[in-house]
Amino acid sequence: METRQFYTRKDKIVLACGNVLLALFALAVLVPLVYVVLASFIDPVVLTNQGISLLPKDWTLEGYRRVFQDKMIARGFLNSFLYSSSFAAFSAVVCLLAAYPLSLPNFVGRKALNTFFLITMFFGGGLMPTYLLVSNLNLINSPLALILPGAVNVWNIILARTYYKSIPQELHEAAALDGASELQYFFRVLFPVCKPIIAVLVLYQFVGMWNSYFDAMIYLEDQSLQPLQLVIRSILVQNTPRPGMVADAQNAAMMAKIAEQLKYATIVVSSVPLLVMYPFFQKYFEKGVMLGSVKG
Amino acid sequence: MSLPKFPDAQTRHQKLVYVKNNWQLYVFFAMPAVLLTLIFKYVPMGGLAIAFEDYNNRLGIFGSEWIWFENFQRFLSSTEFPRLMMNTLKLSVYGLLWGFFPPIILAILLSRVRRVGLRKKIQLLIYAPNFISVIVMAGMIIAFLSPVGPINAALGTQSNLMTDPGAFRSIYIISGIWQGAGWASIIYTAALSGVSGDLIDACNIDGASLLQQIWNVDIPTLKPIMVIQFILSAGQIMNIGFEKALALQTDLNRATSEIIPTYVYRLGLEIGDYGYSTAVGLFNAVINVALLLAVNAIVSRLNEGEGL
């Protein structure tokens with residue numbers, strides 16, 4: 001469907017300006033990322049005194065050694081992985097199930113159920129009442145405090161419902177004629193053609209949990225339960241590297257320089273998993289955005 | 001011809017028969033989400049009652065003294081109220097205004113990149129920041145802006161913008177565009193890829209210039225999505241990226257970085273003033289819903305009945 005476009009001279013100038021603008025934006029995105037990666041390999045003293053250096057003698061893996069030898073970072077990775085994968089699986093199942101009756105045009109109670117979920121998108125109890133509930137349920141210091149409250153994601157239910165609706169209704173009618181129950185239809189007929197939406201929901205929730213810190217910050221007080229984002233928060237945001245990481249610094253000034261450079265290695269180590277994974281799943285992430293743009 | 005299993009249930013009897021025949025839909029499919037929503041969304045709404053109490057953790061919701069609107073009066077008459085309100089509104093309205101058009105411009109620019117391979121590479125790059133976490137984003141900003149960081153080095157200055165209240169909003173909004181504009185362009189790009197080739201042929205035959213094409217074909221194609229996106233963002237005016245504001249907040253930039261949601265957090269969880277904090281949060285939520293309804297009403301009137 002590639003239609004050849006014809007450009008006049010004036011059009012070409014407009015086009016060139018547009019391309020320059022796009023290139024500038026792409027560069028603006030790229031430069032900070034490249035800077036972080038380069039800085040993560042530079043000697044702390046050189047980095048803080050003169051910035052990025054391309055001389056081999058200024059390059060070092062010390063930053064990475066400091067990050068990898070810290071037990072809390074490894075622990076954070078493990079915790080984050082456990083929380084994110086169980087949250088993604090649980091939330092996807094709950095939302096995929098809930099979306100099914102909502103996709104049936106003659107489901108009795110559809111409107112009421114829809115409203116019941118939609119209200120929570122626009123209004124909620126807010127921070128303190130939710131915190132008090134979680135604390136009354138004895139979920140403080142339990143990973144369930146991260147997993148249960150956010151499991152029902154109304155937006156994801158809408159995505160799944162939109163997807164189900166795109167599947168021909170004839171399939172459902174044929175299955176019903178053959179005497180299949182709703183359960184049988186859902187698992188035998190619908191589920192196998194739903195891989196894309198399952199991927200969308202699982203990936204969204206996984207990334208969402210992996211990148212969040214607030215719930216863990218207020219609900220998990222126990223150090224050993226902390227997800228990666230909380231562990232790196234002290235290094236990146238609070239400027240307090242974990243004591244073991246900078247123990248070899250001779251003086252306070254040196255420690256500050258190491259702490260500054262350490263941030264870059266920490267950023268790389270903590271961001272690489274998602275950034276490397278994302279291109280492989282790009283089509284699913286995009287699919288989620290498109291499904292969401294269908295009105296309804 | 002509809003099948004026996006699929007007629008619309010009209011009477012109460014028909015409805016009962018439907019529910020009986022399809023009980024699995026209620027018990028197996030809907031129940032888990034309904035229970036979770038009841039417990040974790042609706043119970044806290046009931047918990048909003050403490051906004052009207054002099055809440056005491058020992059006495060609980062049912063034992064604490066009712067003070068009705070005293071918490072709200074205290075907030076509205078406090079010296080902090082005007083500042084918090086303005087900080088919240090400015091941060092989100094400026095963010096909405098500055099952030100709204102870049103994704104649209106990006107999508108239009110991308111659609112004119114003729115080499116598909118190059119376009120794909122640019123998309124891969126500009127979508128990537130979306131996957132960076134709030135903490136890493138804040139960490140990057142803090143490191144870049146640090147007195148020994150690259151930005152000061154490049155400018156030859158020694159300032160620390162993280163402690164400068166005047167810089168907070170710009171930092172917040174620019175980094176938001178850096179991180180989100182590419183990703184937000186996806187739906188506009190999808191809409192533009194649906195523009196029919198016939199339309200472009202017609203433009204060529206009529207001798208429409210590139211700018212005329214953009215104005216008469218691209219923009220009208222994108223308009224319905226722009227409307228929805230605008231309403232959706234307007235509906236979040238009072239709920240702006242609170243996690244990021246909190247991560248970027250320092251004691252010194254608090255004059256502009258303290259917004260209602262971070263204030264609710266500080267009061268409730270750091271200071272422990274549960275009832276008052278809940279009242280402030282409720283006030284915020286009510287304004288947010290009111291704004292959403294108002295924007296939706298205005299837009300649907302301007303847009304010939306096409307709201308959300």
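This briefing describes the chains, their contact, the core and selected helices and loops of a two-chain structure. The model is predicted. Chain A carries 14 helices and zero strands, whereas chain B carries 15 helices and two strands. The contact between the chains takes 84 residues from chain A and 81 residues from chain B.

**Chain dimensions and make-up**

- Read from the N terminus, the elements of chain A run α-α-α-α-α-α-α-α-α-α-α-α-α-α, and its C-alpha trace spans about 80 × 70 × 35 Å along the principal axes.
- The radius of gyration of chain A is 25 Å, against a value near 19 Å for a compact globule of 296 residues.
- In chain A, buried residues make up 39% of the 296 residues, and of the contacts between residues at least 6 apart in sequence, 73% join residues at least 24 apart.
- Chain B spans about 80 × 75 × 35 Å along the principal axes of its C-alpha trace, and its radius of gyration is 25 Å where a compact globule of 308 residues would have one near 19 Å.
- In chain B, buried residues make up 34% of the 308 residues, while residues 24 or more positions apart account for 67% of the contacts with a separation of 6 or more.

**Contact between the chains and the nonpolar core**

- The side of chain A that touches chain B is made up, by class, of 56 nonpolar, 19 polar and nine charged residues.
- The largest nonpolar core has 137 residues, and those with the most contacts inside it are A:Cys95, A:Ala160 and B:Ala138.
- Helix H4 (residues 71–103) of chain A gives this core its largest share, 13 residues.
- Once neighbours within four places in sequence are left aside, A:Cys95 is in contact with A:Val152, A:Asn153, A:Asn156, A:Ile157, A:Ala160 and A:Leu201, and also with B:Ala33 from the other chain.

**Helix H1 of chain A**

- Helix H1 (residues 9–39) of chain A has 31 residues and reaches 44 Å from its first C-alpha to its last, which is close to the 45 Å expected at 1.5 Å a residue.
- Its buried residues include A:Leu22, A:Phe25, A:Val29, A:Val36 and A:Ala39.
- An α-helix has 3.6 residues a turn, so residues three or four places apart point the same way.
- The cover over the buried residues of H1(A) comes from both chains, and includes helix H2 (44–50) and helix H14 (252–293) of chain A as well as helix H5 (80–111), helix H6 (116–127), helix H7 (134–145) and H9 of chain B.

**Helices H5 and H9 of chain B**

- H5(B) has 32 residues and reaches 47 Å from its first C-alpha to its last, close to the 46 Å expected at 1.5 Å a residue.
- Among the buried residues of H5(B) are B:Leu84, B:Asn87, B:Thr88, B:Leu91, B:Ser92 and B:Gly95, and further along the helix B:Pro103, B:Ile104 and B:Leu106.
- The buried residues of H5(B) are covered by elements that include H1 of chain A together with H6, H9, helix H11 (210–234), H13 and helix H14 (260–271) of chain B.
- Helix H9 (residues 168–193) of chain B has 26 residues, which at 1.5 Å a residue should span 38 Å, and this agrees with the 37 Å between its end C-alpha atoms.
- H9(B) nevertheless has a kink of about 45°, centred on B:Gly180.

**Exposed loop residues**

- Most residues other than glycine have a negative phi.
- A:Asn138, in the loop between helix H6 (127–136) and helix H7 (144–147) of chain A, has a positive phi, near 60°, and is exposed, with 10 other C-beta atoms within 10 Å.
- B:Trp68, in the loop between strand S2 (65–66) and helix H4 (70–77) of chain B, likewise has a positive phi, near 50°; B:Trp68 counts as exposed because 10 other C-beta atoms lie within 10 Å, and the cut-off for exposed is 12 or fewer.
- B:Asp251 lies in the loop between helix H12 (242–248) and helix H13 (254–257) of chain B, and is exposed, with 7 other C-beta atoms within 10 Å.
- The C-alpha atoms of B:Asp251 and B:Met162 are separated by 9.8 Å, although the two residues are 89 residues apart along the chain.

Technical notes
Residues are numbered from 1 along each chain as its sequence is written. Chains are lettered from A and ligands numbered from 1 in the order in which they are written. This is a predicted model: local features need pLDDT of at least 70, side-chain atom pairs count only at pLDDT 80 or more; totals for chains, interfaces and linings use all residues. Helices (H or I, at least four residues) and strands (E, at least two) are DSSP runs, numbered from the N terminus. The expected span of a helix is 1.5 Å times one less than its number of residues. The bend at a residue is the angle between axes fitted to the seven residues ending there and the seven starting there. A nonpolar core is a set of buried Ala, Val, Leu, Ile, Met, Phe, Trp, Tyr and Cys residues joined through C-beta atoms within 7 Å. A residue is buried if 20 or more other C-beta atoms lie within 10 Å of its own, exposed if 12 or fewer, and partly exposed in between; C-beta atoms are placed from the backbone. Two residues are in contact if their C-beta atoms, placed from the backbone, lie within 7 Å. Ala, Val, Leu, Ile, Met, Phe, Trp, Tyr, Cys and Pro count as nonpolar, Asp, Glu, Lys and Arg as charged, and the others, Gly among them, as polar. The radius of gyration is taken over C-alpha atoms; the globule rule is 2.2 Å times the number of residues to the power 0.38.
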